[in-house]
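Subject: Structure handover

Hello,

Here is the structure I promised you. Please open it alongside this email, and the notes below should help you find your way around.

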Amino acid sequence: MALDLTFDADSVAIADSVARFCTLEMGDGAFGRDLWKSLADLGVLALAAEPNACEFVRIAAACEALGRAGFPGPVAATLFATGLLPPDRIEAVIEGRALVSLGAPPLMPWGKVADLFIALDGDEAGLVEIRGAEPVETLGGEHWARVDATPIEALGPWRRMLHRYELSLAAYQVGAAQYLLEATAAYARDRKQFGQSIGDFQGVALPLGEASTRVAAARNLVRVAAQRLDDRDSNGPVLAGAARCLAGRVARELGYLAHQTFGAFGVTREGPVFGLSRRFQQWAVQVPTETAPEACIALASESSLLLLAPALEDKDRVFLDEVRAFLAPFSHIQNYRSTHDHADSEAFHRVLADKSWLGLSWPVGTGGLGGSTMQEFLLWNEIAYSGIARPPQGVGVVAKTLIRYGTPEQKARWLEPIRRHEATFALAYSEPEAGSDLASVRCRAERQGDQYVINGNKCWNSKAHLVSHLWLLCRTGDQASKKRGLSLMIVPTDAPGVRIRPIVLMDGNEFTEIFLDDVRVPADCRVGEENAAWRMMAEALADERHVHFGPGRVRSDFRIVTEFAARTRLDQRPEIRRTLANLSVEVLEAEAQALRLLQVAITGGDAAIEAAANKVTHTRVLQSIARTAMAIGGPEGLLEESGIELLWRQTMTESIGGGTTQIMQGIIARQELGLGAKT
């Protein structure tokens with residue numbers, strides 16, 4: 001199957017039908033037997049009735065729509081129960097005549113109104129007879145009862161059907177979280193304080209931008225899990241458990257955020273938040289409880305890809321196998337996180353150049369191989385997982401801008417040396433007073449005849465002292481022109497007037513500070529029209545978004561931690577295994593987010609939101625891995641040989657390079673949620 005995180009036409013039709021039903025039938029939103037019977041008449045409760053014909057993508061679509069509407073009733077428990085019950089009991093359940101209560105006596109959800117009671121005792125499930133039911137009030141408010149139960153019929157092991165419950169509940173929580181996110185963002189847009197919308201304040205907008213990324217990742221993971229279950233993939237049940245964990249965490253965190261955003265209104269019983277947030281809390285702890293599957297630990301670290309792998313076409317599988325075989329002899333080079341030996345990286349890049357893989361995705365007419373977006377992603381993601389080296393900056397942003405905007409003479413002069421890794425580049429964008437705010441760049445290029453004279457100061461540029469050329473962003477308009485007055489220049493690092501000072505970072509890598517004093521370059525070193533850099537930079541970034549911040553790096557970091565835990569026998573402790581299992585769900589979250597970006601990149605859509613969300617998630621998960629490792633590692637984790645302390649040092653820079661976390665959250669808040677956050 002091809003990479004596709006959207007629902008198919010039939011599943012969309014089911015979701016639309018459920019949404020219309022909820023709009024017409026739910027009324028005040030309270031549970032009622034007539035409402036439950038109407039849902040059964042729609043066919044939703046029968047979606048899982050046939051064990052060998054169960055279509056989980058359709059179940060996910062229906063449950064997501066139910067969650068979005070806040071539909072009341074034990075939907076996930078019912079879909080779970082139809083896999084456990086004998087045939088003579090199922091008909092009444094799927095027709096809505098018998099309501100299921102599922103749990104661990106004496107406390108039973110929906111026990112106050114249920115007809116069939118399924119008790120989960122250890123690994124076994126069974127029908128029980130209720131001799132007495134005392135209604136109890138719970139946080140979730142879902143008609144619970146304290147019951148006196150007597151076993152009457154064994155149903156066998158229940159974990160074999162747990163994936164039904166977990167996928168259904170995960171999809172429901174994703175739908176509910178999406179509704180709550182949209183409602184909270186709408187309130188933030190409308191609510192005025194201090195003369196403006198509260199959504200204009202970063203303290204409100206940026207956390208909502210972060211929440212949006214997490215809801216999207218949870219939705220992606222639910223859909224991937226559903227596809228795997230439909231394909232009868234052995235990893236499907238584990239992914240369903242991971243999806244439930246992620247959806248539950250995301251929903252609960254969003255509930256806290258929504259309460260605060262709505263202010264006093266958010267903590268009232270009749271407000272829009274409490275009805276959902278209390279149920280988010282309850283679902284985490286009611287039986288079967290929300291627990292990250294320990295099987296996720298291996299799935300999250302054993303290779304560079306998990307979620308994408310089954311979606312690869314045959315030609316891409318062949319290419320990935322070729323990449324892995326090619327990289328094996330270079331596995332001793334570990335310069336991706338911190339460059340220990342620049343010469344090793346250069347030698348590796350030259351070998352890539354000899355294979356023409358530095359120009360893998362360039363058009364054939366420009367000296368490239370004309371490879372696909374997917375193949376480019378697979379190459380650099382595998383290199384990231386191997387930890388060998390990062391992509392040279394010239395082969396992406398620089399070359400692709402030259403291909404799109406360079407003159408024939410510029411293409412002839414530069415592309416082949418870049419492809420052969422003879423002309424190397426550093427991006428010289430940021431300045432001491434213009435880091436994320438590149439529209440405020442002050443480095444100036446004055447046109448004098450057939451030359452530009454450049455004066456200014458650049459800072460925080462990666463490895464500019466080790467390359468042959470700068471890809472320089474400079475101002476050719478007046479300062480007030482902001483982003484409309486910027487141009488791109490190619491400047492040799494050995495040109496008179498260029499001075500470069502390395503700045504050693506805490507992880508051992510090097511940024512640089514660049515001084516340009518009356519540096520003269522020919523006018524044909526300007527790429528594109530004068531004052532047109534902003535659009536060119538945006539387009540080049542769009543070309544490269546799927547290459548950087550891939551899941552391979554995240555999975556590699558997690559592998560380092562799991563290997564450390566095994567080597568030190570920390571993984572023999574149950575609490576450490578639980579910690580690693582919880583962390584593995586975040587690793588899958590990062591991959592789910594990357595797939596969302598990759599899908600848009602492949603289809604050629606505008607990926608600004610998806611790229612920002614991927615960067616935010618990539619950073620958060622890498623830092624979570626490193627900080628968790630430090631927390632569990634003890635004194636051994638402090639040793640340089642452990643590899644753990646380097647993760648902690650290096651990941652500090654991840655929230656800065658490639659766009660700060662706050663800038664990325666602001667992009668999401670503005671473009672996806674319509675908030676006016678100014679970053």
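What follows is a walk through the strands, the helices and a few single residues.

Please keep in mind that this is a predicted model.

**The five-stranded sheet**

Start with the open sheet. Five strands make it up, in the order S1-S3-S4-S5-S2, and the pairing is mixed. Which strands stand at the edges? They are S1 (100-103) and S2 (107-108). Each has a single partner strand, so one side of each has no neighbour in the sheet.

Now look at S4 and S5. S4 covers residues 124-135 and S5 covers residues 145-157. The two run antiparallel and pair over 11 bridges. Within this pairing, Glu129 sits opposite Thr150 of S5.

Two residues of S5 are worth a click. The first one to show is Thr150, which lies in that strand. Thr150 is partly exposed, at 25% relative accessibility. Setting aside residues up to four places away in sequence, Thr150 touches Leu127, Val128, Glu129 and Arg131. For a sense of scale, pick Asp543 as well. Thr150 and Asp543 are 393 residues apart along the chain, and their C-alpha atoms are separated by 64 Å.

The other is Val147, also found in S5. Is Val147 buried or exposed? Val147 counts as buried, because its relative accessibility is 8% and the cut-off for buried is under 20%. Leaving aside neighbours within four places in sequence, Val147 is in contact with Pro105, Pro106, Met108, Phe117, Ile130, Gly132 and Ala133. Arg131 makes a useful distance check. Val147 and Arg131 are 16 residues apart along the chain, with 7.4 Å between their C-alpha atoms.

**Two cis peptide bonds**

Most peptide bonds are trans. Two in this model are worth checking by eye. One is the bond from Pro105 to Pro106, which is cis with omega near 15°. Pro106 is in the loop between S1 and S2. Both Pro105 and Pro106 are among the contacts of Val147.

The other cis bond joins Val287 and Pro288, with omega about -5°. Pro288 lies in the loop between H9 and H10 (295-299).

**Helix H7 and the loop after it**

H7 runs over residues 202-230. Why does its length agree with what is expected? At 1.5 Å a residue, its 29 residues should span 42 Å, and the end C-alpha atoms are indeed 42 Å apart. How many of its residues are buried? The count is 25 of the 29, so H7 is largely enclosed by the rest of the structure.

Arg232 comes just after H7, in the loop between H7 and H8. Arg232 has a positive phi of about 60°, although it is not a glycine. Most residues other than glycine have a negative phi. Arg232 is partly exposed, with a relative accessible area of 47%.

Lys463 also takes a positive phi without being a glycine; the value is near 55°. Lys463 lies in the loop between S10 (451-462) and S11 (469-475). At 25% relative accessibility, Lys463 counts as partly exposed.

**H8 against H9**

Two packed helices are described by the angle between their axes and the distance between the axes. H8 (residues 236-261) and H9 (residues 274-285) pack at about 145°, with axes 9 Å apart. H8 passes H9 in a left-handed crossing.

Which residues meet here? From H8 come Arg244, Ala251, Arg252, Gly255, Tyr256 and His259. From H9 come Phe274, Ser277, Phe280, Gln281, Trp283 and Ala284. By class, the contact has six nonpolar, four polar and two charged residues.

**One residue in H17**

Last, go to Thr562 in H17 (residues 551-567). Thr562 is buried, with a relative accessible area of 13%. Apart from neighbours within four places in sequence, Thr562 is in contact with Ile297 and Ser301.

Best wishes

Notes
Residues numbered from 1 in each chain as written. Predicted model: local features only at pLDDT ≥ 70, side-chain atom pairs only at ≥ 80, totals over all residues. Heavy atoms only, no water. Axes fitted to C-alpha atoms, helices over the stretch in contact; angles between N-to-C directions. Helix = DSSP H or I, 4+ residues; strand = E, 2+ residues; numbered from the N terminus. Left-handed = near helix turned anticlockwise from the far one by under 90°. Contact = heavy atoms within 4.5 Å. Nonpolar A, V, L, I, M, F, W, Y, C, P; charged D, E, K, R; others polar. Pairing = 2+ DSSP bridges. Expected span 1.5 Å × (residues − 1). Buried < 20%, exposed > 50% of the residue type's maximum accessible area, 1.4 Å probe, protein only.
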